[in-house]
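Me: Please take a close look at the sheet in this model, strand by strand. I would like one connected account of how the strands pair and how the chain passes between them.

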Amino acid sequence: MRYIEPHAHMVSRTTDDYEKLALAGCEALCEPAFWAGFDRSSADGFYDYFRQLTEYEPRRAARFGIKHFCWLCINPKEADDPGFAREVMALIPDFIKKENVLGIGEIGLNKNTRSELQIFEEHVQIALDYDLPILIHTPHLEDKLKGTKLIIDSLNSFSKLDHSKVIIDHVEEHTVKLVMDAGFWAGMTLYPESKCTPNRAIDILETYGTDRIWMNSACDWGISDPMAVPKCALEMKRRKHTAAQIDKIVYENPLTFLKQSPRFSL
Ligand SMILES: [Zn+2]
């Protein structure tokens, strides 16, 4: 099997995990900038993090024949202080032209605050200014539906935004249709404890179709599984999805979305 892992936080992962991904058929992975399990004390912490995403992780991945790409932003969890957020965003122009940077992400909302929304919209404008795609994080649990609606309303206010260059991630049964109907791509995150299990993700594919949707493991600092995508592909096979149908979800769809960034290539 070949696949693309479109959303993985490899800074939280061991080199052994890269080997496992490669053995499972992973050809490329994409790492959005996010919370690293702790609040950084200054913008300098993000400067080092952006170097890790653009210089060190690509080299670690290359040892296993995996191409590493990343997305840049200040994540919504640390973006609730607009002054601090803007200090971090001021670093983006120094990094945005690096060869593995795909676009702006994962921006979005965490607690659906006014400040988070303001910083979200400033990030969307950066993506428009550089004509790059956007990867969006939606809040957890009880905040997800409200946050997804706020995000879609906000995106609709940008008249120049091409919806096919935006992916809204962590969709679940109650948000996937909203996202797809508005013309955006949808991402499903496979988690052992929260978000989607493989069987819930496959139910969503069988209900809403397989266009403009991908799945990812996120594999961050918390309880998560870097092997979630190949495990879900195996479950699809067990549920009688054909090899071509599986390839579309785990390879062709991510390829179609990601190659909208001029930096993505395999
Ligand atoms: Zn993430």
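Reply: In this predicted model, β3 and strand β4 (residues 101-108) are parallel partners joined by 3 bridges. Across that pairing, Trp71 lies opposite Gly103 in β4. Strand β3 itself spans residues 67-72, and 5 of its 6 residues are buried.

On its other pairing, β3 meets strand β2 (residues 26-32), again in the parallel sense, over 5 bridges. Here Pro32 stands opposite Trp71 in β3. Trp71 therefore appears in both pairings, facing Pro32 of β2 and Gly103 of β4. The chain gets from β2 to β3 by way of helix α2 (residues 43-62), in a right-handed β-α-β crossover.

Moving on from β4, the next pairing is with strand β5 (residues 134-137), and it is parallel, with 3 bridges. Gly108 has His137 in β5 as its bridge partner. Helix α5 (residues 114-130) links the two strands, and β4, α5 and β5 form a right-handed β-α-β unit.

Strand β5 is covered on both faces. Ile134 and Ile136 are buried on one side, and Leu135 and His137 are buried on the other. His137 is thus both a buried residue of β5 and the bridge partner of Gly108.

β5 also pairs in parallel with strand β6 (residues 166-168), over 3 bridges. In that pairing Ile134 stands opposite Val166 of β6. The connection from β5 to β6 runs through helix α6 (residues 144-156), and this β-α-β crossover is right-handed.

Further along the sheet, strand β7 (residues 185-189) runs parallel to β8, and 4 bridges join them. Gly187 has Trp214 in β8 as its bridge partner.

Taken together, these pairings belong to an open sheet of 8 strands in the order β1-β2-β3-β4-β5-β6-β7-β8, with parallel pairing. The edges are β1 (3-5) and β8 (213-216); each has a single partner strand, so one side of each lacks a neighbour in the sheet. From one strand to the next, the twist averages 25°.

Definitions and conventions. Residues numbered from 1 in each chain as written. Predicted model: local features only at pLDDT ≥ 70, side-chain atom pairs only at ≥ 80, totals over all residues. Buried ≥ 20, exposed ≤ 12 C-beta atoms within 10 Å, placed from the backbone. Pairing = 2+ DSSP bridges. Right-handed = clockwise from strand over helix to strand, strands pointing away. Axes fitted to C-alpha atoms, helices over the stretch in contact; angles between N-to-C directions.
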